[in-house]
Amino acid sequence: MLSFFLVILMIKIGAHMPISYGFEKVPQMTVDSGGNTFQIFPHSPRTWRASLPSKKVAEEFQVQMKKYEIPFEAVFCHCGYLINLASPKDDIWHKSVELLITEGKICHLLGIPYLNVHPGSHTGAGEEEGMNRIVKALNEFLKTVPTVTVLLENVSPKGGNIGYTMEQLAQIINVVDQPSRIAVTYDTCHGFDAGYDITSKEGVERLLDEMEKSFGLWRVKMIHLNDSKAPLGKPLDRHENIGKGYIGDKGFRNFLSFEQIQNIPWVLETPNEEDLYTKEIAHVKSLIGLI
Ligand SMILES: [Zn+2]
Ligand SMILES: [Zn+2]
């Protein structure tokens with residue numbers, strides 16, 4: 001019983017926070033919303049432009065992290081939407097690698113250890129070709145940005161996306177130059193799209209087993225906690241608020257009851273920015289009896 005309470009006390013939960021008020025406001029907004037971890041974009045995600053934070057901003061961010069007692073080892077950046085590391089078009093591929101490297105430098109300056117990346121879409125060129133481009137891009141990144149770990153996020157199996165099974169993620173990890181610097185994010189909505197059914201005990205056990213066999217469960221550093229507007233196996237990639245989609249409260253109660261899942265930070269990416277996720281974070285906590 002005591003160990004149950006210790007695990008529950010250590011749970012890391014938060015959400016994707018806006019950066020429109022400045023990086024330095026994120027730690028306070030996180031704590032105000034009831035969270036103790038967060039994800040942010042390192043720049044405006046729908047543009048190719050990204051600039052490094054000034055020394056003053058980076059220092060203030062670190063002061064605020066300390067003030068609100070958020071440990072650096074559990075905070076994350078998410079790459080911009082235009083990046084496609086699998087693109088068969090040379091100009092897009094080069095721009096993508098360049099922007100990813102800038103994002104890595106922003107993470108480094110802020111002290112954020114993880115950059116979450118969508119592996120990419122081959123846009124018709126085929127998975128093998130796409131996979132080769134991704135590996136080449138990651139090798140460029142790893143060589144240029146020394147301190148940041150890349151998190152490969154499982155994606156929805158649509159539009160030529162690569163990385164919708166645990167095995168595909170492992171195929172990338174197995175051939176990059178520095179595999180110790182590649183880890184994984186599991187997105188529950190994208191996984192549900194790809195047929196991973198976390199609403200049953202057996203389904204979660206199967207997923208954990210597949211992760212362990214493919215790349216080792218230790219490598220999963222973040223869970224993107226999203227319900228799904230689409231039923232199991234329908235690749236729509238439409239995030240829904242927790243409890244309102246096809247995974248549902250019952251499904252999440254099941255998924256979140258696993259100790260292996262409780263040991264990994266949970267980050268909400270649901271359509272919910274009005275109250276900065278305060279109600280939804282409380283709702284998730286209530287599902288596991290935390291409040
Ligand atoms: Zn994502
Ligand atoms: Zn996600």
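Which residues in α4 meet which residues in α5? In this predicted model, Trp93, Ser96, Val97, Leu100, Ile101 and Gly104 in α4 meet Arg133, Ala137, Glu140, Phe141 and Thr144 in α5. By character, the residues of this contact divide into six nonpolar, three polar and two charged. Helix α4 spans residues 90–110 and helix α5 residues 127–144, and the two pack at an angle of about 35° with their axes 10 Å apart, in a crossing that is right-handed.

This helix pair belongs to a chain whose secondary structure comes to eleven helices and ten strands. The chain has 291 residues, for which a compact globule would have a radius of gyration near 19 Å, and the value of 18 Å found for the chain agrees with that expectation. Along the principal axes, the C-alpha atoms fill a box of roughly 55 × 45 × 30 Å, and 46% of the 291 residues count as buried. Among contacts between residues at least 6 apart in sequence, 76% join residues at least 24 apart.

The strands bring us to the barrel. Eight strands close into it in the order β1-β2-β3-β4-β5-β6-β7-β10, with parallel pairing, and neighbouring strands of this sheet are turned by 30° against each other on average, when direction is ignored. One of the pairings is that of strand β4, residues 114–117, with strand β5, residues 149–153, which run in the parallel sense over four bridges; here Leu115 stands opposite Val150 in β5. Helix α11 packs on the sheet, where it touches β1 (13–16), β7 (220–225) and β10, and the direction of α11 makes about 145° with that of β1.

Elsewhere in the barrel, strand β2, residues 37–40, is joined to β3 by three bridges, again in parallel, and the bridge partner of Ile40 in β3 is Cys77. Within β3, Val75 and Cys77 point one way while Phe76 and His78 point the other way, and all of these residues are buried.

Thr37, which lies in strand β2, gives a closer view of this region. Is Thr37 buried or exposed? Thr37 counts as buried because 20 C-beta neighbours lie inside 10 Å. Leaving aside neighbours within four places in sequence, Thr37 is in contact with Lys12, Ile13, Gly14, Ile70, Ala74, Val75, Pro265 and Val267. The C-alpha atoms of Thr37 and Val26, which are eleven residues apart along the chain, are separated by 9.9 Å.

Two loop residues deserve attention for their backbone geometry. Glu69, placed in the loop between α3 (55–67) and β3 (75–78), has a positive phi of about 55° although it is not a glycine, and Glu69 counts as exposed because 9 C-beta neighbours lie inside 10 Å. Leu276 is placed in the loop between β10 (266–268) and α11 (278–287), and its phi, near 50°, is likewise a positive value in a residue other than glycine. With 18 other C-beta atoms within 10 Å, Leu276 is partly exposed.

Definitions and conventions:
Residues numbered from 1 in each chain as written. Chains lettered and ligands numbered in written order. Predicted model: local features only at pLDDT ≥ 70, side-chain atom pairs only at ≥ 80, totals over all residues. Rg over C-alpha atoms; globule rule 2.2 N^0.38 Å. Buried ≥ 20, exposed ≤ 12 C-beta atoms within 10 Å, placed from the backbone. Contact = placed C-beta atoms within 7 Å. Axes fitted to C-alpha atoms, helices over the stretch in contact; angles between N-to-C directions. Left-handed = near helix turned anticlockwise from the far one by under 90°. Nonpolar A, V, L, I, M, F, W, Y, C, P; charged D, E, K, R; others polar. Pairing = 2+ DSSP bridges.
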